[in-house]
Amino acid sequence: MTVTYSSKVANATFFGFHRLLFKWRGSIYKLLYREFIVFAVLYTAISLVYRLLLTGAQKRYFEKLSIYCDRYAEQIPVTFVLGFYVTLVVNRWWNQFVNLPWPDRLMFLISSSVHGSDEHGRLLRRTLMRYVNLTSLLIFRSVSTAVYKRFPTMDHVVEAGFMTADERKLFNHLKSPHLKYWVPFIWFGNLATKARNEGRIRDSVDLQSLMTEMNRFRSWCSLLFGYDWVGIPLVYTQVVTLAVYTFFFTCLIGRQFLDPTKGYAGHDLDLYIPIFTLLQFFFYAGWLKVAEQLINPFGEDDDDFETNWCIDRNLQVSLLAVDEMHMSLPRMKKDIYWDDSAARPPYTLAAVDYCIPSFLGSTVQMGSHSNPIPAECLLIPINDGLRHSSSKGASEAENLSRPK
C-alpha cells in the first residue's frame with residue numbers, strides 16, 4: 001500500500017521532517033538494512049584480520065593494497081552514473097503514474113450521451129462501462145503481479161463479473177498469439193455504433209466524443225503495456241549496479257584505518273569505526289535502492305501502485321455513474337448568494353488570517369503603515385455557523401471577533 005505522508009509536511013516548520021525519519025514502512029532503512037549489515041560485518045572482519053592475524057610483512061603488504069584501493073576507487077564515476085540513472089527511473093515512474101487508465105471521462109460521456117431509463121438503456125450503459133473496465137483489467141493482469149495473483153486465469157475474470165460466459169467463448173475463439181487486451185475496445189465501438197443506430201445516442205457528435213475518449217483510454221493502456229515491454233536497457237542497469245558495488249568492495253579495503261605509527265598520509269587517526277564510509281554507503285546504496293524500487297511500480301513493494309484498489313474503485317464508481325446517477329438530479333434551489341452581488345464565503349475565526357484584501361497594485365498602500373483586517377473578513381456568530389458582517393455592523397462584529 002502506498003505510503004502517504006503529505007499531511008505531515010503540509011507546513012514547513014523548524015526540523016519539520018524529523019517525524020518522517022522514524023517511519024519504517026516504505027523507508028530507506030527497510031530497503032537497505034540487509035546490505036548495510038553485510039557491509040559493516042565484512043569491514044569489521046577485514047579490520048580484525050589486519051589487526052590480529054596478519055604478521056608484520058603481511059601487514060605492510062595489506063597497507064600498500066589499502067592505499068592503492070583508496071586512491072583508485074575515486075576514479076569510479078559513481079555519482080554521475082547513479083544520478084543520471086535515478087533521474088531516468090524517476091521520470092519513467094512518474095510517467096507511468098500519470099498515464100494510468102482512469103474511466104472517469106468515459107463514464108461522464110456515457111451517462112449523458114446514452115439515453116433511456118428503461119432496462120435496455122441501463123444494459124447499454126452498464127455494458128459499455130464494463131468493457132472499459134475489462135480493458136484496464138486485462139492490461140493490469142499483464143503488467144502487475146498483484147493483479148495477476150488476484151486474477152490468475154480468465155475464469156477468475158468471468159467469476160468476478162468483468163466478462164460474461166458468452167464473451168469468454170468469443171474471446172477465446174479469436175486466435176491471436178498477441179495480448180488481446182484490445183478486444184473489448186472493438187466490442188465497445190460496435191455497441192456504441194449500434195446504440196447510435198437505435199437512437200439511444202441521439203447525435204453523431206456524441207458518438208464521436210465517445211470514440212475519441214475511448215481511443216484516449218486505449219492509448220493509456222497501450223502506454224503501460226509499452227513500458228512493461230521496453231524497459232531501461234539492461235546494460236545500463238548492470239553498469240550502475242556494478243559501479244556501486246565495485247566501489248564499496250574496494251572501500252572495504254581502501255577505507256581501513258592503518259597503523260598511525262607508520263606515517264601514511266591521511267592515516268593519522270585510528271577510529272576503528274569508518275563513520276563517513278558507512279554514511280557514504282547508506283547514501284549511494286540507498287540511491288540505488290530507490291531506483292530498484294521505482295523501476296517497476298507494478299510490483300509488490302511498499303510504494304508500488306495500488307492496482308487492485310484502482311480496479312475496485314473504477315468498477316464501483318463507473319457503474320454508479322452510468323446507472324443509478326443517470327439523469328438523477330437534485331432539486332434546484334436558490335443559492336444563499338441569490339441577492340448578493342458581492343458573494344464571498346465566510347471565514348471561521350481559525351481562518352481569519354487567510355482573509356486578505358484584493359491586490360490592487362504595489363503603489364496602493366504607499367504611505368500606509370498599518371494593515372488592518374478587511375471589513376468584509378469580519379465575522380459574527382449565527383446559530384451553528386458564521387456569516388459575513390454587513391458594513392453597517394462592522395464595528396459590532398469586530399468587537400465580537402476580538403479575542404478576550
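How much area does the chain expose, and what share of it do carbon and sulfur atoms supply? The chain exposes about 25700 Å². Carbon and sulfur atoms supply 62% of that area. The model is predicted.

**Overall build**

The chain holds 14 helices and 2 strands. Its radius of gyration is 32 Å, whereas the globule rule gives 22 Å for 404 residues, so the chain is more spread out than a compact globule. Along the principal axes, the C-alpha atoms fill a box of roughly 95 × 80 × 35 Å. Of the 404 residues, 36% are buried. Among contacts with a separation of 6 or more, 70% join residues 24 or more positions apart.

**Two pockets**

The table sets out the two pockets by volume and lining.

| Pocket | Volume | Lining residues | Classes in the lining | Share from α12 |
|---|---|---|---|---|
| Largest pocket | about 1000 Å³ | 32 residues | 23 nonpolar, 5 polar, 4 charged | 7 residues |
| Second largest pocket | about 270 Å³ | 15 residues | 7 nonpolar, 5 polar, 3 charged | 3 residues |

Start with the largest pocket, at about 1000 Å³. Of its lining residues, V3, Y5, G26, Q293 and D303 are the closest to the centre. Four elements give two or more residues to this lining: α1 (28-53), α3 (78-98), α12 (275-294) and α13 (307-322). Helix α12 provides the largest share, 7 residues. By class, the lining has 23 nonpolar residues, beside 5 polar and 4 charged ones.

The second largest pocket has a volume of about 270 Å³. The residues closest to its centre are R255, F257, L271, P274 and T277. Here too, α12 gives the largest share of the lining, with 3 residues. The classes are 7 nonpolar, 5 polar and 3 charged.

**Focus on Q293**

Which helix holds Q293? Q293 is found in α12, the helix with the largest share of the largest pocket's lining. Q293 is also among the lining residues closest to the centre of that pocket.

Why does Q293 count as buried? Its relative accessibility is 10%, so Q293 falls in the buried class, which takes residues under 20%. Leaving out residues up to four places away in sequence, Q293 touches L31, D301, D302, D303 and D304. One of these partners, D303, is likewise listed among the residues closest to the centre of the largest pocket.

Definitions and conventions. Residues numbered from 1 in each chain as written. Predicted model: local features only at pLDDT ≥ 70, side-chain atom pairs only at ≥ 80, totals over all residues. Heavy atoms only, no water. 1 Å grid on protein atoms, 1.4 Å probe; cavity = no way out; pocket = protein on both sides within 12 Å on 5 of 7 lines; lining within 4 Å. Points joined across faces, edges and corners; volume = space filled by probe spheres on them. Nonpolar A, V, L, I, M, F, W, Y, C, P; charged D, E, K, R; others polar. Rg over C-alpha atoms; globule rule 2.2 N^0.38 Å. Buried < 20%, exposed > 50% of the residue type's maximum accessible area, 1.4 Å probe, protein only. Contact = heavy atoms within 4.5 Å. Areas by Shrake-Rupley, 256 points an atom, 1.4 Å probe, with all protein chains shown as cover.
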